[in-house]
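Hi everyone, thanks for making time. I'd like to walk you through a structure that is probably new to most of you, so let's get it up on the screen.

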Amino acid sequence: MVSVVGAILVVIVPLLLLAIVYAMGRVAKRKTGREPFASGHKFPSTYIPYKPWWLYYIAFFILWDIVVIFILFMAAEVSIYVIASLVILIVTMLAYPLRGLGGEKTK
Amino acid sequence: MMEELIFGLEIVVWTFFVIFVAFLAEWFYRKVLAHMQHRVGPKLAGNLGILQPIADFIKLMRKHQISPEGTDEILVDFTAIFGLWIMVILTMFLPIFGTEGIISFHGDVVFVIALLAVASLVYIITPYLFPSPYPTIGAGRRAELYLSYEIPMFLALASVVFVAGSLRISDIIYVVTVVKNGVPAAILLTPALIVALISSMARLKKIPFDIPEAETEIAGGWEAELSGRRLAYFNLLTDMKLFTLSGLIVTFFLGGPLGPVFTVSGLEWLLAPFWHAFWFFLKTIIVMYIIIAISAASARFRIDQVLRIFWSKLLSLSIIQLIILLIWWGL
């Protein structure tokens, strides 16, 4: 099934079904304001006060990963323009200024 | 119009079918693990406790969902549904009832590998949505784990694609039948199979690669703040991932649904899919058993040990695998 309608069905139907089942679950009765819920410690909830600068690298790695997969596997079969676009994308990602390096405090 | 309607119904049935299979996979996991640890395991709900995962799912769905103040509630709900949705889509590529999955097109291998990469993001992003240090530490560990296993696994799957000479899963299942220069490809691809198996264990966060949750260290890590329906969905996601990754290993390395098909004339339409599914599930159960057996017999690695294993040993093994294939191909 490669038709457009088929592709839309593949995307929409499971998403709808899973959302409906999820909506049937019970929602929050109250917010605890305590963390962590699992261990029962009595601390106020807080974010770790450092920027997760490694998230940039993870996001970059995943994008890089997917783009390289596409280039390696499809180089022989798709248009040179597609490959060139992907290469430009990689270079652009490399050139993106790294922000938040060093994990400086948010406040 | 009628064709699209039937296809839509097929997807509805498929979605519930793979959810049911995921529950069975969890039951199998818990039962085998219990057996290896000299426990009974699930036994109350249904025969041999086979309905226990369903009972647990319903129980969690009915429990109150509690989260710390400051949690990004909408995004957590979204990632719970999104992660499971990706897994359902991935299962549609598995050739279970025939040599093709529900979705099959040229280049679907690339799509599957890319979806696997995106699925990992769910585990990294979700914990960071909670204002609690334990999930954040778990997310960091998960991210390091992801950086470790992704490239070896990708190279292992690329080896299979190289031998198959095709980017279509329905062609790749025939890799096991390839014999070149007197050597079966199935034997030559053994290192890639080992790499894929170990990488899958890391992707599943099974012991010895369960550092992102490590209950005794970080109180469950990435899932410490999940409760109620969110925990139900993430548990189901993990179960479905166990089945999907085992199925992908079977598809790439063990011939997928290929096996002897015994039919009688007039009933081919029924018996052929039955035998395909039989061989696929049999192989998948064997792969799952190996994963569980290794889990049961191992202790948790430290993060530096995991990095060393993947970046030095498994990456080297997957590169050696590619070199072996290049030499073999060139002969």
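I'll go through chain A, then the core, and then some helices and loops of chain B. Before anything else, please keep in mind that this is a predicted model.

Okay, chain A. What are its elements? There are three helices and two strands, and going from the N terminus, they come in the order α-β-β-α-α. How much of chain A is buried? Of its 107 residues, 14% are. As for contacts in chain A with a separation of 6 or more, 55% of them are between residues 24 or more positions apart.

Let me pick one residue there, A:L63. You'll find A:L63 in helix 2 of chain A, residues 54-74. Is A:L63 buried or exposed? Somewhere in between: it has 14 other C-beta atoms within 10 Å, so it's partly exposed. If you look from A:L63 over to A:I8, you move 55 residues along the sequence, and the two C-alpha atoms are 24 Å apart.

Now, the core. In general, nonpolar side chains in soluble globular proteins tend to be buried together. Here, the largest nonpolar core has 106 residues. Which residues have the most contacts inside that core? They are B:L84, B:L157, B:V160, B:A196 and B:L236.

Let's stay with B:L84 for a second. Leaving out residues up to four places away in sequence, B:L84 touches B:Y233, B:L236, B:L237 and B:M240, and also A:L18 over in chain A.

While we're in chain B, have a look at helix 3, which covers residues 73-91. It has 19 residues, and at 1.5 Å a residue those should span 27 Å; the end C-alpha atoms are 28 Å apart, so that agrees. Why call helix 3 of chain B largely enclosed by the rest of the structure? Because 15 of its 19 residues are buried.

Next, a helix pair. When two helices pack, people describe them by the angle between their axes and the distance between the axes. For helix 1 of chain B, residues 2-36, and helix 2 of chain B, residues 52-62, the angle is about 115 degrees and the axes are 8 Å apart. Angles from 65 to 115 degrees count as roughly perpendicular, so that's what we call this pair. Who makes the contact? On the helix 1 side it's B:F23, B:E26 and B:W27, and on the helix 2 side B:Q52, B:P53 and B:I54. Sorted by class, that gives four nonpolar residues, one polar and one charged.

Between those two helices there's a loop, and two of its residues are worth pointing out, B:H38 and B:L48. Most residues other than glycine have a negative phi. What about B:H38? Its phi is positive, near 55 degrees. B:L48 has a positive phi as well, near 60 degrees. For their surroundings, B:H38 is exposed, with 6 other C-beta atoms within 10 Å, whereas B:L48 has 13 C-beta neighbours inside 10 Å and counts as partly exposed.

One last stop: B:L282, in helix 11 of chain B, residues 268-296. B:L282 has 13 other C-beta atoms within 10 Å, so it's partly exposed. Its C-alpha atom is 9.7 Å from that of B:V250, and the two residues are 32 apart along the chain.

That's my tour. Happy to go back to any view you'd like.

Technical notes. Residues numbered from 1 in each chain as written. Chains lettered and ligands numbered in written order. Predicted model: local features only at pLDDT ≥ 70, side-chain atom pairs only at ≥ 80, totals over all residues. Helix = DSSP H or I, 4+ residues; strand = E, 2+ residues; numbered from the N terminus. Expected span 1.5 Å × (residues − 1). Buried ≥ 20, exposed ≤ 12 C-beta atoms within 10 Å, placed from the backbone. Contact = placed C-beta atoms within 7 Å. Core = buried A, V, L, I, M, F, W, Y, C linked by C-beta atoms within 7 Å. Axes fitted to C-alpha atoms, helices over the stretch in contact; angles between N-to-C directions. Parallel < 35°, antiparallel > 145°, perpendicular 65-115°, else oblique. Nonpolar A, V, L, I, M, F, W, Y, C, P; charged D, E, K, R; others polar.
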